[in-house]
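Me: Please give me a close look at a single part of this protein, and explain how that part is connected with its surroundings.

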Amino acid sequence: MQNQENSRIFYGGFFVRLAAAWVDALLVSLALLTFRLPLLFAGDANPLHQPVLFRFTPWDIFLYLLTTAYYVFFTYAAGATLGKRMFSLRVVAADGRRLSLWDVIYRETIGKYLSGVFLFMGYIMAGVDKEKKAFHDMLADTRVIYSFGKEPRNRKDYYCGSEKGYPVPEYGYKKVEEEKPDSQEKQTEEENGGNSNEGK
């Protein structure tokens, strides 16, 4: 009974992901403050404050790239930002493979932009979806799950779930058994039948 309970996946819901996002936003804001302070004394005459792309200045673009780099780096390297790690959350690929750098960039840039463009409805979807997927999770085919341990060395052998199987750290690993082809099953049954007849 306990093994069955431990094999379940626990998806990160809307509110816990929102709390993690607030922590990340606070950390990023404090880090960027060291870059913002010098420009506060430079005035509007500074070339970095002149719009170059629509209403965005070079400084706006620089800060955006720094912010994106934070989310991309930690999600790709550790599977979670610092905020997510505080709540034991982890971003994983739906098919169990390791997230590629492109997957993470796509999720954290285009995916999250589309999630927030219509009154943040893409984020709110995580509160109603069965697997707690936000819109950017659907686009990048990722899931946000609870993680309570370290991953095994061979992550291809251990999955948790029914159809696709999601890699879950030690807390909930369930080994997937490969299905035998029908021909192989018949051959096995014939061999077993032959052995039983010989015994008689």
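Reply: The account below begins with the whole chain, turns to strand 1, and then follows the parts around it.

The model is predicted, so to speak of its local features requires pLDDT of at least 70, and side-chain atom pairs count only at pLDDT 80 or more, while totals for chains, interfaces and linings use all residues. Residues are numbered from 1 along each chain as its sequence is written, and side-chain values use heavy atoms, with hydrogens and water left out.

The protein contains eight helices and four strands. Helices (H or I, at least four residues) and strands (E, at least two) are DSSP runs, numbered from the N terminus. Along the sequence these elements follow the pattern α-α-α-α-β-α-α-α-β-β-β-α. Of the 200 residues in the protein, 33% are buried; buried means under 20% relative accessible area, exposed means over 50%, and partly exposed is in between (1.4 Å probe, protein chains only).

Strand 1 covers residues 89-93, and five of its five residues are buried, so the strand is largely enclosed by the rest of the structure. Cover is found on both faces: Leu89, Val91 and Ala93 are buried on one side, and Arg90 and Val92 are buried on the other. Strand 1 also has a partner, strand 2, with which it pairs in the antiparallel sense over five bridges. Two strands are said to pair if DSSP finds at least two bridges between them. One of the contacts can be located exactly: leucine 89 has tyrosine 146 of strand 2 as its bridge partner.

What does strand 1 give to the largest nonpolar core? A nonpolar core is a set of buried Ala, Val, Leu, Ile, Met, Phe, Trp, Tyr and Cys residues joined through side-chain atoms within 4.5 Å. The largest one has nine residues, namely Val16, Ala20, Val72, Leu89, Val91, Ala93, Leu99, Val104 and Val144. Helix 2 (14-40) and strand 1 are the elements that supply two or more residues to this core, and strand 1 gives the most, with three. Leu89, Val91 and Ala93, which belong to this core, are the residues buried on one side of the strand.

Helix 2 leads from the core to the charged side chains. In total, ten salt bridges are found in the structure; a salt bridge is a side-chain nitrogen of Lys or Arg within 4 Å of a carboxyl oxygen of Asp or Glu. In one of them, the side chains of arginine 17 and aspartate 137 meet at 2.8 Å, N to O. This pair links distant parts of the chain, since arginine 17 is in helix 2 and aspartate 137 is in helix 7, 120 residues apart. Both arginine 17 and aspartate 137 are buried. Glutamate 108 forms another salt bridge, with lysine 112, and here the closest N and O atoms are 2.7 Å apart. Glutamate 108 and lysine 112 lie in helix 5, four residues apart, about one turn of the helix, and both are buried. Arg17, Arg107, Glu108, Lys112 and Asp137 are linked in a network of salt bridges.

A further salt bridge, at 3.0 Å from N to O, joins aspartate 95 and arginine 97. Aspartate 95 counts as partly exposed because its relative accessible area is 37%, and arginine 97 is partly exposed at 34%.

Helix 5 (101-117) also takes part in the surface. About 900 Å² of nonpolar patch is made by Ile110, Tyr113, Leu114, Val117, Phe118, Leu119, Met121, Ile124 and Leu139. Patches are made of residues with over 30% relative accessible area and no salt bridge, where like charges are joined within 9 Å and nonpolar side chains (Val, Leu, Ile, Met, Phe, Trp, Tyr) within 5 Å; the areas come from the Shrake-Rupley method with a 1.4 Å probe, and for residues only the protein chains shown count as cover. Helix 5 provides the largest share of the patch, four residues. Isoleucine 110, in helix 5, is partly exposed because its relative accessibility is 43%.

Leucine 119 lies in the loop between helix 5 and helix 6 and is exposed, with a relative accessible area of 72%. Most residues other than glycine have a negative phi. Leucine 119, however, has a positive phi near 55°. Aspartate 141, also not a glycine, has a positive phi of about 55°. Aspartate 141 is placed in the loop between helix 7 (135-140) and strand 2 (142-146), which returns the account to the strand that pairs with strand 1.
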